[in-house]
Amino acid sequence: MVKPKAKVDSSKCLACCGCISVCPQDAITWCSGKAFVNKEECIGCSICVKTCPVGAVSQEV
């Protein structure tokens with residue numbers, strides 16, 4: 001079973017770097033001043049989802 005990948009709602013992202021700092025795969029980077037998830041690198045661990053203080057990071061359904 002494939003785990004759902006993380007995604008970022010750039011309209012909610014505060015650019016706090018929290019998700020980038022906790023990603024064990026370094027799958028989250030900056031793109032135009034907001035967090036961006038490289039879906040090929042994301043393992044769906046959801047650590048970034050739990051870390052985001054405003055709910056900008058979620059998992060695809």
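## A walk through a small predicted model

Alanine 15 sits in the loop that links strand β1 (6-8) to helix α1 (18-22). Helices (H or I, at least four residues) and strands (E, at least two) are DSSP runs, numbered from the N terminus. The model is predicted, so local features need pLDDT of at least 70 and side-chain atom pairs count only at pLDDT 80 or more, while totals for chains, interfaces and linings use all residues. Residues are numbered from 1 along each chain as its sequence is written, and side-chain values use heavy atoms, leaving out hydrogens and water.

### Backbone angles to look for

Let's begin with some positive phi values.

| Residue | Phi | Where |
|---|---|---|
| Alanine 15 | near 60 degrees | loop between β1 and α1 |
| Aspartate 26 | near 55 degrees | loop between α1 and β2 (28-31) |
| Serine 32 | near 55 degrees | hairpin of β2 and β3 |

Is alanine 15 buried or exposed? Neither word fits: alanine 15 counts as partly exposed because its relative accessibility is 30%. Aspartate 26 counts as exposed because its value is 60%. The cut-offs here are under 20% relative accessible area for buried and over 50% for exposed, with partly exposed in between (1.4 Å probe, protein chains only).

### The hairpin

Follow the chain into β2 and you meet its partner, strand β3 (residues 34-37). The two strands run antiparallel and are joined by four bridges; strands pair if DSSP finds at least two bridges between them. Tryptophan 30 faces alanine 35 in β3, and cysteine 31 has lysine 34 as its bridge partner. Two residues lie between the strands of this hairpin.

### The core and its neighbours

Which residues have the most contacts inside the largest nonpolar core? They are Ala6, Cys19, Ile28, Cys48 and Val57, in a core of 13 residues. Such a core is a set of buried Ala, Val, Leu, Ile, Met, Phe, Trp, Tyr and Cys residues joined through side-chain atoms within 4.5 Å. In soluble globular proteins, nonpolar side chains tend to be buried together.

Beyond residues up to four places away in sequence, cysteine 48 touches Ala6, Cys19, Val22, Ile28 and Val57; contact means heavy atoms within 4.5 Å.

Now find alanine 27, in the loop between α1 and β2. Alanine 27 counts as buried because its relative accessibility is 1%. Setting aside neighbours within four places in sequence, alanine 27 is in contact with Phe36, Val37, Asn38, Glu41 and Cys42. From alanine 27 to cysteine 48 the distance is 10 Å, C-alpha to C-alpha, across 21 residues in sequence.

### Two cavities

The structure holds two cavities of 30 Å³ or more. A cavity is a set of points on a 1 Å grid where a 1.4 Å probe fits but cannot get out, and lining residues have an atom within 4 Å of a point.

The largest cavity has a volume of about 90 Å³. Its lining has 16 residues, with Cys13, Ala15, Cys16, Cys19 and Cys52 nearest the centre. α1 gives the most to this lining, with three residues. By type, the lining of the largest cavity has 15 nonpolar residues, one polar and no charged.

The second largest cavity holds about 70 Å³ of space. Among the residues that line it are Ala6, Ala27, Ile28 and Cys48. Its lining divides into eight nonpolar residues, one polar and no charged. For these counts, Ala, Val, Leu, Ile, Met, Phe, Trp, Tyr, Cys and Pro are nonpolar, Asp, Glu, Lys and Arg are charged, and the others, Gly among them, are polar.

Notes. On a 1 Å grid over the protein atoms alone, a cavity is a set of points where a 1.4 Å probe fits but cannot get out, and a pocket is an open set with protein on both sides within 12 Å along at least five of seven lines; lining residues have an atom within 4 Å of a point. Grid points are joined across faces, edges and corners, and a volume is the space filled by probe spheres set on the points.
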